[in-house]
Amino acid sequence: MDSVEEMGPVDYLVIEFPGNRMTGEAFPLLVDLAERGIIRVIDLAFVRKETDGSVVALELKDLGDEVDLSVFEGASSGVLDQSDLEEAAHALEPGNASAVLVYENLWAAPLARALRRSGGQLVASGRIPVQALLASLDAMEDTVPPGGSAAA
């Protein structure tokens with residue numbers, strides 16, 4: 001792995017699969033992003049939250065035969081440990097499974113390096129849910145008079 005000064009921003013995702021049902025539809029897209037150099041998978045782990053609230057780390061072979069996940073064998077760098085998986089499982093409903101993905105945004109690495117060299121520091125970060133963005137755009141549309149413009 002590159003030195004920290006050379007890396008792009010690193011993010012994580014916890015994706016819940018209700019009823020432990022993973023179709024595998026998104027996995028080829030994840031592989032494509034990595035192969036095109038857009039992201040680097042740093043760690044990928046799977047966890048299930050049992051109905052009693054206990055947390056079980058899953059092996060790829062535990063996920064069933066209907067989804068071919070062999071391409072992710074060895075994707076774990078060890079960044080995620082049991083305490084990380086237990087923390088991620090707090091977001092899950094009992095009886096559901098999740099994928100926990102840690103990835104580097106390779107596309108943003110040149111910008112991140114330039115910002116570091118110029119003394120810039122990340123002080124806040126976040127995501128806007130698509131649903132919230134759409135609701136905001138819809139609300140803005142509702143305030144524009146018919147045939148009018150939002151600009152004053």
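What follows is a dialogue about a predicted model of a protein chain.

Student: What makes up the fold of the protein chain, in helices and strands?

Tutor: The protein chain has 4 helices and 4 strands. Along the sequence they follow the pattern β-α-β-β-α-β-α-α.

Student: Why is Asn105 called buried?

Tutor: Its relative accessible area is 7%. Buried means under 20%. The value of 7% falls under that cut-off, so Asn105 is buried.

Student: Where does Asn105 lie, and what does Asn105 touch?

Tutor: Asn105 lies in strand E4. Leaving out residues up to four places away in sequence, Asn105 touches Gly8, Pro9, Asp11, Ile38 and Ile39. Each of these contacts has heavy atoms within 4.5 Å.

Student: Why is E4 said to be largely enclosed by the rest of the structure?

Tutor: Count its residues. E4 spans residues 97–105, and 9 of the 9 are buried, so the strand is largely enclosed.

Student: Which residues of E4 point one way, and which the other way?

Tutor: Ala97, Ala99, Leu101, Tyr103 and Asn105 point one way. Ser98, Val100, Val102 and Glu104 point the other way. All are buried.

Student: How do you know that E1 and E4 pair?

Tutor: Pairing takes at least two bridges. E1 and E4 have 8 bridges, in the antiparallel sense. That meets the cut-off, so they pair. Within this pairing, Tyr103 in E4 is the bridge partner of Asp11.

Student: What joins strand E2 to E4?

Tutor: E2 covers residues 39–49, and 9 bridges join it to E4. The two strands run antiparallel. Ala45 stands opposite Val100 in E4.

Student: Why is E2 also described as largely enclosed by the rest of the structure?

Tutor: Because 8 of the 11 residues of E2 are buried.

Student: How do you know that E2 pairs with strand E3?

Tutor: Again, set the bridges against the cut-off of at least two. E2 and E3, the latter at residues 55–58, share 4 bridges in the antiparallel sense. The cut-off is met, so they pair. Lys49 stands opposite Val55 in E3.

Student: What lies between E2 and E3 in their hairpin?

Tutor: There are 5 residues between the two strands. Gly53 sits in the turn and has a positive phi of about 95°.

Student: How much space lies in the largest pocket, and which lining residues are closest to its centre?

Tutor: The largest pocket holds about 470 Å³ of space. It is lined by 16 residues, and Pro9, Val10, Ala112, Leu122 and Ser125 are the closest to its centre.

Student: Which elements supply at least two residues of that lining?

Tutor: Strand E1 (10–17) and helix H3 (109–117) each do. H3 gives the most, with 4 residues.

Student: How do the residues of the lining of the largest pocket divide by character?

Tutor: There are 8 nonpolar, 5 polar and 3 charged residues.

Student: How much of the protein chain is made up of buried residues?

Tutor: Buried residues make up 28% of the 152 residues. The chain exposes about 10,300 Å², and carbon and sulfur atoms supply 55% of that area.

Student: What share of the contacts with a separation of 6 or more comes from residues 24 or more positions apart?

Tutor: Such residues account for 84% of those contacts in the protein chain.

Note on methods
Residues numbered from 1 in each chain as written. Predicted model: local features only at pLDDT ≥ 70, side-chain atom pairs only at ≥ 80, totals over all residues. Heavy atoms only, no water. 1 Å grid on protein atoms, 1.4 Å probe; cavity = no way out; pocket = protein on both sides within 12 Å on 5 of 7 lines; lining within 4 Å. Points joined across faces, edges and corners; volume = space filled by probe spheres on them. Nonpolar A, V, L, I, M, F, W, Y, C, P; charged D, E, K, R; others polar. Buried < 20%, exposed > 50% of the residue type's maximum accessible area, 1.4 Å probe, protein only. Areas by Shrake-Rupley, 256 points an atom, 1.4 Å probe, with all protein chains shown as cover.
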